[in-house]
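Dear colleague,

Please find the structure below for your review. A summary of the findings follows it.

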Amino acid sequence: MPSQNLIPREILFGNPERTRPQLSPDGKYLAYIAPDEKNVLQVWLRTVGQEDDSQITKDQKRGIRMYFWTYDGTHLIYMQDADGDENFHCYSVDIHTNLVRDLTPFQGVKAQPIELDPNFPDELLVGLNLADPQKFDVYRVNLNTGAVEFDTENPGNIVSWTANAQFQILSALAATPDGGTDLIYREGVDRPWETLRHWTAEDEGYAAEFSLDGKTLYIVGSHDANAQRLIALDLATKQETVIAEDPQYDVGGIVSHPTTRKLQAVAFYKDKLEWQILDDDIQSDFEMLRQVRPGEYGISSRTLADDRWLVSYTTDDGPVYYYVYDRATKQATLLFSNKPILETLPLTSMQPVSYEARDGLTIHGYLTLPKEAQQNLPAVLLVHGGPWARDTWGYDPEAQWLANRGYAVLQVNFRGSTGYGKAFLNAGNREWAGKMHDDLLDGVKWLVDQGIADPQKVAIMGGSYGGYATLVGLTFTPDVFAAGVDIVGPSSLITLMQSIPPYWEPLKAQFYHRVGNMDSEPDFLKSRSPLFFIDRIQKPLLIGQGANDPRVKQAESDQIAEAMRSAGKPVEYVLYPDEGHGFARPENRLHFFAVAEEFLAKYLGGRCEPLNDIPGTTGILK
């Protein structure tokens with residue numbers, strides 16, 4: 001393949017042209033995210049039916065990624081932190097005056113939006129760790145005045161809250177000392193809490209929403225089954241009725257009517273997204289949407305009148321397409337795609353694959369191959385973070401970038417990944433650097449046995465847990481990988497647990513159950529920590545780290561880089577002073593992936609776009 005077919009990193013890792021559109025609840029406006037003249041992502045606004053697009057926010061540096069409409073017809077709310085510290089604030093912007101107000105103006109405090117309700121259009125329920133850094137109490141914010149009023153106290157172990165249709169907090173999820181959770185409920189704001197259900201550390205569960213009449217609490221849980229099911233819990237009789245289930249796959253998403261709260265559809269993420277329709281009223285709509293274009297589709301937003309939906313379509317070899325769907329005419333009209341230029345590029349498909357691990361467990365994943373060659377290739381094992389998350393099908397800029405440079409790319413949903421039922425999730429308990437790593441190694445073996453990968457030219461790369469897996473790969477199995485790229489990965493499970501954010505305290509028991517107990521078995525955690533095995537490292541390592549990362553502190557990367565240098569081991573380290581757990585600013589993303597591309601080309605032999613100066617990056621080679 002000639003070099004002119006190298007896809008520029010600027011396209012793959014740069015900002016989208018327009019993305020994340022949402023219709024206002026009254027249907028009058030369309031908001032979306034797009035870069036300004038300085039290439040900083042902002043919220044833009046358009047009157048539906050007109051071409052009067054205007055920028056309504058003025059973020060100076062990081063760019064806005066998350067926003068949502070309120071129900072008052074006047075405000076949007078967006079979230080922003082400071083240089084990646086994850087202490088997000090809620091900012092409201094008046095769509096008519098562009099006036100921005102910090103609704104949660106508290107230094108060092110993190111805001112967690114809980115609920116908006118169309119019948120209470122001027123209010124927002126938000127969790128704030130204002131009184132105590134370890135716990136989020138509920139506050140009621142007036143969107144007109146900005147007044148913040150205390151609503152519900154967190155006794156210390158609540159990790160999520162659920163409001164009913166009267167905008168009252170009547171349910172919550174409480175972490176328990178055994179690593180499990182309690183679903184708690186109260187009949188009124190002045191009534192005591194009672195426990196409706198206990199989920200052990202081996203089970204998963206949460207409250208989805210209340211019915212409109214408040215008599216039913218819809219929950220998702222894996223109790224009495226392998227996978228998480230959607231269940232209606234009658235609050236008077238405490239009887240449970242299963243609404244939707246799959247024997248192997250967890251409920252992955254719920255669609256309900258915007259005003260009646262009627263459950264309408266459930267998503268199950270298998271190799272690809274599959275919908276189970278619960279409400280006959282939308283059956284014909286979903287059948288129409290399935291025919292609009294190939295790919296996975298989902299409802300991004302809908303009007304309160306429910307006459308128009310905004311629908312997104314995801315594919316593996318092109319942009320995300322956004323349509324406005326008119327339910328009366330059954331017509332879908334293309335709004336825009338997030339990156340039209342992707343349509344013109346030599347992108348490649350992502351194939352769902354599976355293989356059997358050494359102990360017989362079936363492991364699922366995704367394979368992305370270069371267009372020009374598919375045998376005996378250099379390869380990159382791209383490991384997802386979490387680890388309690390999973391890879392999904394669709395356009396992945398990292399997979400496309402690596403495939404375009406000539407690498408086979410394997411993404412593995414190793415045991416402990418979510419979505420595949422609790423037996424698969426629990427198979428990862430206490431298996432960091434154990435069977436979870438074996439699953440990755442078995443993936444490499446599968447690639448080699450298929451004739452796809454050259455066994456001498458396989459690199460391992462990932463962020464967060466994927467960064468940890470990279471460090472494990474180079475220390476615990478030094479002969480398997482030719483190189484490693486670690487992005488914000490912990491090097492020691494002991495220092496990781498010692499430095500978690502204070503508001504993770506309620507989740508510590510669950511972490512101890514799934515990873516290991518720092519108090520009673522430090523030696524076990526040490527035995528699974530790459531930092532203590534750097535003498536085994538033979539192959540080169542590249543590290544990328546954000547200085548403000550609250551989850552995996554800079555010290556995690558500092559300590560392994562320093563230890564490797566002291567031992568004369570090959571390591572490159574790039575630090576970004578204005579980033580956190582990952583690289584949000586496009587300048588820094590472009591810089592790191594340029595460094596990584598040069599690194600991989602050096603040790604695997606793939607193609608490389610020259611490393612040019614990237615204005616605005618703060619990356620420091622340490």
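How do the residues of the lining of the second largest pocket divide into nonpolar, polar and charged? In this predicted model, the lining comprises six nonpolar, six polar and eight charged residues. The second largest pocket holds about 290 Å³ of space. Its lining is formed by 20 residues, of which D59, Q80, D81, A82 and Y91 are the closest to the centre of the pocket. Three elements give two or more residues each to this lining, namely β6 (75-80), β7 (89-94) and β8 (100-102).

A further point concerns an open sheet. Four strands make up this sheet in the order β17-β18-β19-β20, and their pairing is antiparallel. The edges are taken by β17 (205-210) and β20 (240-244); each has a single partner strand, so one side of each is left without a neighbour in the sheet. On average, and with direction ignored, neighbouring strands of this sheet are turned by 30° against each other. Between β17 and β18 (residues 216-221), the antiparallel pairing runs over five bridges. Within this part of the sheet, G205 has G221 of β18 as its bridge partner.

Finally, the cysteines. The structure contains zero disulfides. C90 counts as buried because its relative accessible area is 0%, under the 20% limit. C608, in contrast, has a relative accessible area of 31%, which means that C608 is partly exposed, as this value lies between 20% and 50%.

Yours sincerely

Terms used
Residues are numbered from 1 along each chain as its sequence is written. This is a predicted model: local features need pLDDT of at least 70, side-chain atom pairs count only at pLDDT 80 or more; totals for chains, interfaces and linings use all residues. Side-chain values use heavy atoms; hydrogens and water are left out. A disulfide is a pair of cysteine sulfur atoms within 2.5 Å. Buried means under 20% relative accessible area, exposed over 50%, partly exposed in between (1.4 Å probe, protein chains only). On a 1 Å grid over the protein atoms alone, a cavity is a set of points where a 1.4 Å probe fits but cannot get out, and a pocket is an open set with protein on both sides within 12 Å along at least five of seven lines; lining residues have an atom within 4 Å of a point. Grid points are joined across faces, edges and corners, and a volume is the space filled by probe spheres set on the points. Ala, Val, Leu, Ile, Met, Phe, Trp, Tyr, Cys and Pro count as nonpolar, Asp, Glu, Lys and Arg as charged, and the others, Gly among them, as polar. Two strands pair if DSSP finds at least two bridges between them. Axes are lines fitted to C-alpha atoms, for helices over the stretch in contact, and angles run from 0 to 180 degrees between N-to-C directions.
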